[in-house]
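Please look through the sequence and the 3D structure shown here, and then follow a short report that moves from the whole protein to its open and enclosed spaces and ends with a single residue.

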Amino acid sequence: MRTIQHWIDGAATAGVSHRTAPVFNPATGVPQAEVLLAEEADVRAAVAAAARAFEDWQDASLSRRTGILFAFRQLMYDHLDELAGIVSDEHGKVLADARGEVQRGLEVVEFACGIPQLLKGDYSDQVSGGVDSYTFRQPLGVVAGITPFNFPVMVPSWMHPVAIACGNTFVLKPSEQDPSASLLIARLWAQAGLPDGVFNVVHGDKVAVDALLDAPQVAAVSFVGSTPIARYIHGRASATGKRVQALGGAKNHAVVLEDADLEFAANHLTAAAFGSAGQRCMAISVAIAVGAAGDRLVEVLRGKATQVRVGPGRDDSSEMGPVVTREARERIIGYIDSGEAQGATLVVDGRKLTVPGHEDGFFVGPTVLDHVTAEMDAYRDEIFGPVVVVVRVDTLDDAIALINANPYGNGTAIFTASGEAARRFQRSVTVGMVGINVPIPVPMAYHSFGGWKDSLFGESHIHGPDGVRFYSRAKVVTARWPHVEHPVVASLQFPTAT
């Protein structure tokens, strides 16, 4: 059985822990490796290595940082298929989807390659007699990232390229369910010329998480995961004075108006609901059918859902793979059960799907529930599986009210041919990311990603301009270089710009 180790101070290491967790192939249900679970001592070692490395890395020239970033970018491109294969084997998503994940992570690396421009400060000449003022940004120190299973390459890439480009050192705690990609990323950073200790990986569970949150040398923590854990991360890390950006869960709605092209809308809803087996924080899990769009939309969705080809991620004919664990499969099936028991109409049932040759895999088929109400568990909770629920309302204003009443505010979308309706929608919904005829409005890397309400704890969104601001802090300098021919008497009055 292969053992997945930590990466500390430029090398793979077993550390001191003897605890392990199995890493499954979700398509077969068989363990393919074991991952070491860090003890507090392992986390302390990683943080100490990062703190030592920061002493030199914070003073690395911008040209040196960008040279390493460009080399790292090229290495990620060279190993794109290898990374995608690792993701598919441990997460379960199909290869095409895994390649797309790596590509979206690379976009953040490319954004970070422009760090000299992004860190430029401001200069004001002659703010007072012989006095100039200027600002510049400096790194924080050791920063940490705690990331989820659903995007083992992309989500960490939202963090570490920007943090390292800004001059910080980084400790990553990836999900223990699919940890191998982070080790390849660590080796690529080393191959690109990143000094030892600047990027570290510790695997683990709550022991490792709490050790990072409590470590006094850690200046900032980035987190992506469920809302209860995001709230916990934000509270515990903030209590020790750390900067925190904690992105939580979601219940993303897509509104379909009567004037929408239903074939177009259903195609995109199918992809957004069932891609990656629905294990995306930006997946569309609620379709709001407005007025007469309801019956027609459900019929088209029925046809699309039953045509999705489900199978192992390594099979090129598969469009959707398994969910990540047996426990996830059972939880998803439980929500389908409860939806049916609470009065929803089961349009497409994915509970009994079996894939020939992979009967022990963690598969759930695409599922559509109609006539769902806001009181049902299948609507209220984040299912994180290939389940889309259809809620019917009379008007666009009713749809907006439903979305705004939901505690989550990550992403939303509207399908319509009306510019007026789209503009009213985008201005009225209390959601951080909005798509107009785009079901998954994940912004490009040069914009920032983040939701509102219970989908975000802390004020900073991730990557883009917010990422640079999060991983650096501004310093303002006011300077005078007087030409002194005789003594100058300083005034005791409060200084003014005169």
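The protein exposes about 20200 Å² of surface, and carbon and sulfur atoms supply 53% of that area. Like the other values in this report, this one was computed from a predicted model. Of the 498 residues in the protein, 56% are buried.

The overall dimensions can be described in two ways. Taken along the principal axes, the C-alpha atoms fill a box of roughly 90 × 60 × 40 Å. The radius of gyration is 25 Å, which agrees with the value near 23 Å that a compact globule of 498 residues would have.

Within this outline, the chain forms 17 helices and 23 strands. When the contacts with a separation of 6 or more are considered, 72% of them join residues that stand 24 or more positions apart in the sequence.

The table sets out three of the spaces in the structure.

| Space | Volume | Lining residues by class |
|---|---|---|
| Largest pocket | about 750 Å³ | 14 nonpolar, 10 polar, 6 charged |
| Second largest pocket | about 630 Å³ | 14 nonpolar, 7 polar, 6 charged |
| Largest cavity | about 120 Å³ | 8 nonpolar, 4 polar, 4 charged |

The largest pocket is lined by 30 residues, and those nearest its centre are Pro148, Phe223, Gly225, Ser226 and Ile229. Two or more lining residues come from each of helix H9 (206-214), strand S11 (218-224), helix H10 (227-239) and helix H13 (326-341). Among the contributors to this lining, H10 gives the most, with 5 residues.

The second largest pocket has a lining of 27 residues, and here Ala271, Ala272, Gly275, Arg280 and Ile440 lie nearest the centre. Helix H4 (95-112), helix H11 (262-274) and helix H12 (293-307) each supply at least two residues of this lining, and H11 gives the most, with 6 residues.

How many cavities of 30 Å³ or more does a search of the whole structure find? The search finds 6 of them, and the largest cavity holds about 120 Å³ of space. This cavity is lined by 16 residues, of which Gly278, Arg280, Ala283, Ser285 and Phe384 are the closest to its centre. Arg280 therefore deserves a second look by the reader, since it is named among the residues nearest the centre of the second largest pocket and also among those closest to the centre of the largest cavity.

The last part of the report turns to one residue, Pro174, which lies in the loop between strand S9 (169-173) and helix H8 (180-191). Is Pro174 buried or exposed? Pro174 has a relative accessible area of 4%, and because a residue counts as buried when this value is under 20%, Pro174 is buried. Leaving aside its neighbours within four places in sequence, Pro174 is in contact with Thr147, Ser182, Val201, Val202 and His203. As for Val109, which is 65 residues away from Pro174 along the chain, the C-alpha atoms of the two residues are separated by 18 Å.

How values were computed. Residues are numbered from 1 along each chain as its sequence is written. This is a predicted model: local features need pLDDT of at least 70, side-chain atom pairs count only at pLDDT 80 or more; totals for chains, interfaces and linings use all residues. Side-chain values use heavy atoms; hydrogens and water are left out. On a 1 Å grid over the protein atoms alone, a cavity is a set of points where a 1.4 Å probe fits but cannot get out, and a pocket is an open set with protein on both sides within 12 Å along at least five of seven lines; lining residues have an atom within 4 Å of a point. Grid points are joined across faces, edges and corners, and a volume is the space filled by probe spheres set on the points. Helices (H or I, at least four residues) and strands (E, at least two) are DSSP runs, numbered from the N terminus. Ala, Val, Leu, Ile, Met, Phe, Trp, Tyr, Cys and Pro count as nonpolar, Asp, Glu, Lys and Arg as charged, and the others, Gly among them, as polar. The radius of gyration is taken over C-alpha atoms; the globule rule is 2.2 Å times the number of residues to the power 0.38. Buried means under 20% relative accessible area, exposed over 50%, partly exposed in between (1.4 Å probe, protein chains only). Contact means heavy atoms within 4.5 Å. Accessible areas come from the Shrake-Rupley method with a 1.4 Å probe; for residues, only the protein chains shown count as cover.
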